[in-house]
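Thank you for making time this morning. I would like to walk you through one structure slowly, and I will explain the terms as they come up.

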Amino acid sequence: MAPPAPSAIATAHEFVRLGRMFHRRGWVLATSGNLSAVLSRDPLTLAITRSSIDKGRLKSDDLIEVDDKGKPIGPTPHKPSAETLIHIAVAKATGAGAVMHTHSVWGTLMSDLFANKGGVSLEGYEMLKGLEGVSSHEHKEWLPIVENTQDMQSLATTASHLIHRHPDAHGFLVRRHGLYTWGADISSAARHVEAFEFLLEATGRAAAHRSAANRGQTP
Ligand SMILES: [Zn+2]
């Protein structure tokens, strides 16, 4: 088998670091979540974390290279992540260089609490400037929510349509499941994970505080 391209090696090392950090923060527990990066655009190939792997113990050979149908390129004993098709759909629809997916407590809770509104409005916080192209806390970020399903092809199609309807979005939530976000490169996508996780928790805690105050209770 040909040695991996230098970009694949750099990607693997960076994903090992991010996997451990995300796991430590509680965003990818119990083998959940996945990370991918575009290795080539034409034809589209991605490096993605393999299925059922603890992100806190990620090793550089836990990445699999896949084609634009999600099929592994070259022999491998491992399966790519179950959600590979969603990463491919996001990479195609956004032109992103990296796609990241987390299952944090706040992402999961907010995706359910705001599902009847179709999304969460994140606004007023300085952390919004962590999102690419946002230069003011006065920005309103609409984070759309889609229903969860185990039909990955269907979820990938839904994600693709959603991105075309919300071209300014930096991510979306899957209900009772988690966050998808992306960026021009790995560091940009990772920054979006950090910004969204902060914004979801801050917005969730503020909503709980207001709700308790309205009931005359101390939250
Ligand atoms: Zn997931």
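Let me begin with a pair of strands: strand 4, residues 98-102, and strand 8, residues 178-183, run antiparallel and are joined by five bridges. Within this pair, Val-99 has Trp-182 in strand 8 as its bridge partner. When I say helix or strand, I mean DSSP runs numbered from the N terminus, with helices being H or I runs of at least four residues and strands being E runs of at least two. Two strands are said to pair if DSSP finds at least two bridges between them.

Before going further, I should say how this was made: it is a predicted model, in which local features need pLDDT of at least 70 and side-chain atom pairs count only at pLDDT 80 or more, while totals for chains, interfaces and linings use all residues. Residues are numbered from 1 along each chain as its sequence is written, and side-chain values use heavy atoms, with hydrogens and water left out.

Now to the sheet as a whole. Strand 4 and strand 8 belong to an open sheet of eight strands, whose order is 3-2-1-4-8-7-6-5 and whose pairing is mixed. At the edges are strand 3, residues 63-66, and strand 5, each of which pairs on one side only. On average, and with direction ignored, neighbouring strands of the sheet are turned by 20 degrees against each other. Helix 5 packs on this sheet, where it touches strand 1 (34-41), strand 4, strand 5, strand 6, strand 7 and strand 8, and its direction makes about 145 degrees with that of strand 8. For such angles, axes are lines fitted to C-alpha atoms, for helices over the stretch in contact, and the angles run from 0 to 180 degrees between N-to-C directions.

On its way through the sheet, strand 1 is joined to strand 4 by four bridges, again in antiparallel fashion, and Ala-37 has Ala-98 in strand 4 as its bridge partner. Strand 1 also pairs with strand 2 in the antiparallel sense, over five bridges, with Ser-36 standing opposite Ile-48 in strand 2. These two strands, strand 1 and strand 2, form a hairpin with two residues between them. In the loop between strand 1 and strand 2 (44-49) we find Pro-43, and a cis peptide bond, with omega of about 5 degrees, joins Asp-42 to Pro-43.

Let me turn to the metal. Which residues are the protein donors of the zinc ion? They are Glu-83 through OE, and His-101, His-103 and His-177 each through NE2, lying 2.1 to 2.2 Å from the ion. A donor here is an N, O or S atom within 2.8 Å of the metal (3.2 Å for Na, K and Ca), and since water is not among the atoms, sites may look incomplete. The angles among the four donor atoms run from 94 to 146 degrees, and the site is irregular. Along the sequence, the spacing of the donor residues is E-x17-H-x1-H-x73-H. Glu-83, in the loop between strand 3 and helix 2 (84-94), and His-177, in the loop between strand 7 and strand 8, are 94 residues apart, and this pair links distant parts of the chain.

Are these two donors, Glu-83 and His-177, buried or exposed? Glu-83 is buried, with a relative accessible area of 9%, and His-177 counts as buried at 10% relative accessibility. Buried means under 20% relative accessible area, exposed over 50%, and partly exposed in between, with a 1.4 Å probe and protein chains only. Arg-176 is found in the loop between strand 7 and strand 8, and it is exposed at 59%; its phi is near 55 degrees, a positive value in a residue other than glycine.

Finally, helix 3, residues 105-113, has Gly-107, Met-110 and Ser-111 as its buried residues. Seen down the helix axis, these buried residues fall within an arc of 105 degrees, so they line one face of helix 3; the arc is that of the directions from the axis to the C-beta atoms. On the other side of helix 3, Val-105 and Leu-113 are exposed. The cover over the buried residues of helix 3 includes strand 5 (119-123), strand 6 (140-146), strand 7 (171-174) and helix 5 (186-214), where contact means heavy atoms within 4.5 Å.

Technical notes: Four donors count as tetrahedral if all angles lie between 85 and 135 degrees; four count as square planar and six as octahedral if opposite donors are over 155 degrees apart and all others between 65 and 115; anything else is irregular.
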